[in-house]
Amino acid sequence: MDSRPSYRWENSQYLLKTIMNQLGMTEEDLENDPSWVRAKVREANIDKVLEKLKGGENRKAQFRTVICLIWNEEVFYFEGICKGTIATSMHGEEGFGYDPIFIPEGAHKSFAQMTMEEKNKYSHRQKAVTKLFTFLNSI
């Protein structure tokens with residue numbers, strides 16, 4: 001996934017000009033499939049993913065967020081990645097998108113089986129936002 005911003009919004013009255021979040025999940029075995037859309041996923045795609053990966057050995061996947069900050073005409077990127085695997089079937093009722101089939105590294109259950117507190121321990125968004133806040137606190 002290209003981490004560069006696909007658009008840029010500027011407003012001179014704000015010192016913090018741009019924060020953008022680009023996210024999606026990438027599946028290593030589906031990377032070269034041009035028909036696959038990795039961003040803005042819908043739950044309806046879960047069956048498609050499970051079918052395409054059926055019998056496959058490589059079930060590695062990751063969620064990724066990139067926040068782009070344009071501050072005083074300089075561009076800064078803050079990336080958060082949550083690596084994991086695709087389960088062989090759906091597990092859990094919570095969350096959205098791929099949550100029922102995504103199991104983060106170090107966990108024994110899917111995002112859809114986790115509480116929000118548990119999920120935030122692995123969250124790609126949380127990791128990116130933490131990096132952004134650390135940067136902002138240092139300037």
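**Ser110 in a predicted model**

Q: Is Ser110 buried or exposed in this predicted model?
A: A residue counts as buried when its relative accessible area is under 20%. Ser110 has a relative accessibility of 0%, so the residue falls in the class called buried.

Q: Where does Ser110 lie with respect to β4 and α2?
A: Strand β4 covers 102-104, and helix α2 covers 116-122. Ser110 belongs to neither element; its place is in the loop between β4 and α2.

Q: Which residues does Ser110 touch, not counting those up to four places away in sequence?
A: A contact requires heavy atoms within 4.5 Å. With residues up to four places away in sequence left out, Ser110 touches His91, Asp99, Pro100, Phe102 and Ile103.

Q: Which residue has its backbone oxygen 2.6 Å from a polar atom of the side chain of Ser110?
A: A polar contact is limited to N or O atoms within 3.5 Å. The pair here joins a side-chain polar atom of Ser110 to a backbone oxygen at 2.6 Å. That oxygen belongs to a residue also listed among the contacts of Ser110, namely His91.

Q: What separates the C-alpha atoms of Ser110 and Glu94?
A: Along the chain, Ser110 and Glu94 are 16 residues apart. In space, their C-alpha atoms are separated by 9.6 Å.

Q: What pattern does the protein follow along the sequence?
A: The secondary structure comes to three helices and four strands. Read along the sequence, these give β-α-β-β-β-α-α.

Q: What percentage of the residues of the protein count as buried?
A: The protein has 139 residues. Ser110, at 0% relative accessibility, is one of those that count as buried. The buried share of the protein is 37%.

How values were computed
Residues are numbered from 1 along each chain as its sequence is written. This is a predicted model: local features need pLDDT of at least 70, side-chain atom pairs count only at pLDDT 80 or more; totals for chains, interfaces and linings use all residues. Side-chain values use heavy atoms; hydrogens and water are left out. Helices (H or I, at least four residues) and strands (E, at least two) are DSSP runs, numbered from the N terminus. Buried means under 20% relative accessible area, exposed over 50%, partly exposed in between (1.4 Å probe, protein chains only). A polar contact is a pair of N or O atoms within 3.5 Å; within protein, one must be able to donate a hydrogen and the other to accept it, and residues adjacent in sequence count only if both atoms are side-chain atoms.
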